[in-house]
Amino acid sequence: MDFLGQVLAWYTDPANWTGNNAIQLRLWQHLSLSVASLGVGLAIALPIGLYIGHTGRGARAAVAVSNIGRAVPSLGWLGIAYPISTGLFHRGGIGFLPAFIGLVALAIPPIVTNTHAGLKEVDPELREAARGMGMRELQILLRVEVPVALTVILAGVRVSAVAVIATAPLAALVGGGTLGAYILQGLALADEVRVFAAAVMVAVLAVVTELAFAWLQRRAVSPGLAAPVDTGASGAAAVPAL
Amino acid sequence: MTEGQPFFQLDWVLDNLDTLAQRIGEHMLVTVIAVVAGFVISFGLALAVRRYPRLYGPILAVSGVLYAVPSIALFVLFIPITGLSLLTAEIALVSYTLVILVRNIVTGLRGVPADVIEAARGMGYTDRQRLWRVELPIALPIIVAGVRIATVTTIGLVTIATLIGMGGLGYLIVNIGVQQRFPTATITGVAVVVLLSTIVDLGLLAVQRRLTPWAKARGG
């Protein structure tokens with residue numbers, strides 16, 4: 001119990017709430033990095049997934065790419081992003097940028113896979129009916145296909161969001177701060193209290209993200225589709241590579 | 001990356017094949033221990049569920065929560081108890097395999113058709129004989145599918161174990177590649193991880209096909 005007492009004392013120590021290693025600063029770095037990465041990941045992955053799902057073009061290539069993508073460990077994305085960011089921007093590759101590039105790459109595959117899978121499962125007769133009603137392709141996509149596939153699409157976003165929040169601590173390795181900074185400091189200083197306190201915060205963040213997206217997923221389903229659909233946390237992203 | 005240094009130096013890889021082999025060895029050792037230990041525990045839990053079906057919900061819930069804890073956090077959460085040791089890494093890795101393996105073993109056993117079980121009973125098989133000679137062979141493809149997912153997942157996760165001093169391919173990615181600013185090591189490490197995952201996955205698939213020749217005939 002003494003150890004947990006020390007952990008509590010760490011959280012409440014005013015010294016940990018001031019300066020350039022303050023808890024609120026690390027939290028802000030963690031959340032801003034995660035939100036930015038997920039946002040840009042969405043902006044890239046969603047159009048790709050929608051295009052592939054609607055037209056059926058490039059499906060094989062996309063599946064192959066995201067399978068390889070999923071085999072790359074999260075640490076690998078940050079490691080690879082590091083020299084890329086140095087090469088592209090000649091900025092020494094330290095800080096926000098390499099972590100950001102790595103997390104965006106991590107966020108893309110589950111969203112592409114699930115968006116594509118969700119659209120593919122839409123009943124072709126719905127599409128035909130919409131076409132018969134004189135809808136244009138874009139209208140069919142936005143008013144018929146996306147609402148029907150929304151649960152599966154959001155399941156992919158949820159997998160990405162949790163992966164990004166959970167991997168953001170590794171940004172500390174490339175000087176990107178986040179709560180991972182405490183873990184690396186703690187490991188270097190053999191300060192188990194600091195490591196443990198930070199790990200608990202990371203775990204809580206991930207669980208809260210998971211629950212928030214689960215809630216969003218339930219809320220976002222069109223009432224007309226409220227019949228029981230498989231909304232499993234994994235969705236199509238649980239399909240093993242290969 | 002220092003100025004003017006090429007992105008990838010093949011010479012370095014060729015000059016360090018022995019280091020590479022050593023890191024692959026470390027990586028696979030940690031992986032195999034985790035998957036074997038995870039399988040033994042999961043098999044025991046699945047047999048308990050076979051006898052007492054009510055246990056399934058609570059077991060899935062607990063292993064599901066463990067699975068949701070971010071890997072970086074799980075790798076360091078046990079340091080206060082077990083220190084910077086292989087045990088700490090294995091506790092985290094085994095935890096992640098449980099939800100995958102228990103679910104697949106139980107699903108496999110439950111998928112055995114009721115008339116097949118009746119037939120075995122009618123032939124006078126004891127409970128144990130029925131398990132080993134009828135149910136497990138039928139469940140094998142689903143069980144191996146679980147082992148494949150667990151193994152590929154573990155190979156990826158072991159890269160993080162370098163943070164608590166366990167070496168492996170994560171050492172190339174982080175300790176040499178990132179910390180010494182040498183992208184060649186990072187790229188090599190990631191490529192070998194992807195390659196290892198693919199080879200092991202296909203290898204396990206081949207093993208499963210050999211063990212269940214009848215499944216192929218039915219298009220399984």
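## Two loop residues with positive phi

In this predicted model, A:T178 counts as buried, because 29 C-beta neighbours lie inside 10 Å and 20 or more are enough for that class. A:T178 belongs to the loop that runs between α7 and α8 of chain A, and its phi is near 70°, which is a positive value in a residue other than glycine.

A second residue of chain A, A:A190, also has a positive phi without being glycine, with a value near 55°. A:A190 sits in the loop between α8 and α9 of chain A, and here the surroundings can be read from the count of neighbours: A:A190 is exposed, because 10 other C-beta atoms are found within 10 Å and the exposed class takes in residues with 12 or fewer.

## Helix α5 and its surroundings in chain A

Helix α5 of chain A, made up of residues 96–120, has 25 residues and reaches 36 Å from its first C-alpha to its last, which is close to the 36 Å expected at 1.5 Å a residue. This helix is mostly covered, since 23 of the 25 residues in α5(A) are buried.

In helix α7 of chain A lies A:A163, a residue that is buried, with 24 other C-beta atoms within 10 Å. When neighbours within four places in sequence are left aside, A:A163 is in contact with A:S74, A:L106 and A:A107. Of these partners, A:A107 is 56 residues away from A:A163 in sequence, although the C-alpha atoms of the two are 7.3 Å apart in space. Another residue whose contacts can be followed is A:L103, which touches A:L33, A:S37, A:V164, A:T167 and A:A168, again not counting residues up to four places away in sequence.

## The largest nonpolar core

The largest nonpolar core has 120 residues, and those that touch the most other members are A:L78, A:L103, A:A107, A:V164, A:A198, A:V202 and B:F75. Helix α7 of chain A, residues 137–167, provides the largest share of this core, with 17 residues.

## Where chain A meets chain B

Between the two chains, 34 residues of chain A are in contact with 33 residues of chain B. On the side of chain A that touches chain B, at least two residues are supplied by each of α3 (59–71), α4 (74–89), α8 (180–189) and α9 (192–219) of chain A, and the largest share, 9 residues, comes from α9(A). Sorted by class, this side of chain A has 26 nonpolar, 6 polar and 2 charged residues.

## Chain B and its bent helix

Chain B has 11 helices and 0 strands, and the C-alpha trace of this chain spans about 75 × 45 × 20 Å along its principal axes. Of the 220 residues in chain B, 40% are buried. Among the contacts in chain B between residues at least 6 apart in sequence, 74% join residues that are at least 24 apart.

One helix of chain B, α8, covers residues 127–158 and has 32 residues, yet its end C-alpha atoms are only 38 Å apart, short of the 46 Å that a straight helix would reach at 1.5 Å a residue. Along its course, α8(B) bends by about 55° at B:L140, and a proline, B:P141, follows within four residues.

How values were computed. Residues numbered from 1 in each chain as written. Chains lettered and ligands numbered in written order. Predicted model: local features only at pLDDT ≥ 70, side-chain atom pairs only at ≥ 80, totals over all residues. Contact = placed C-beta atoms within 7 Å. Nonpolar A, V, L, I, M, F, W, Y, C, P; charged D, E, K, R; others polar. Core = buried A, V, L, I, M, F, W, Y, C linked by C-beta atoms within 7 Å. Expected span 1.5 Å × (residues − 1). Bend = angle between axes of the 7 residues up to and from the residue.
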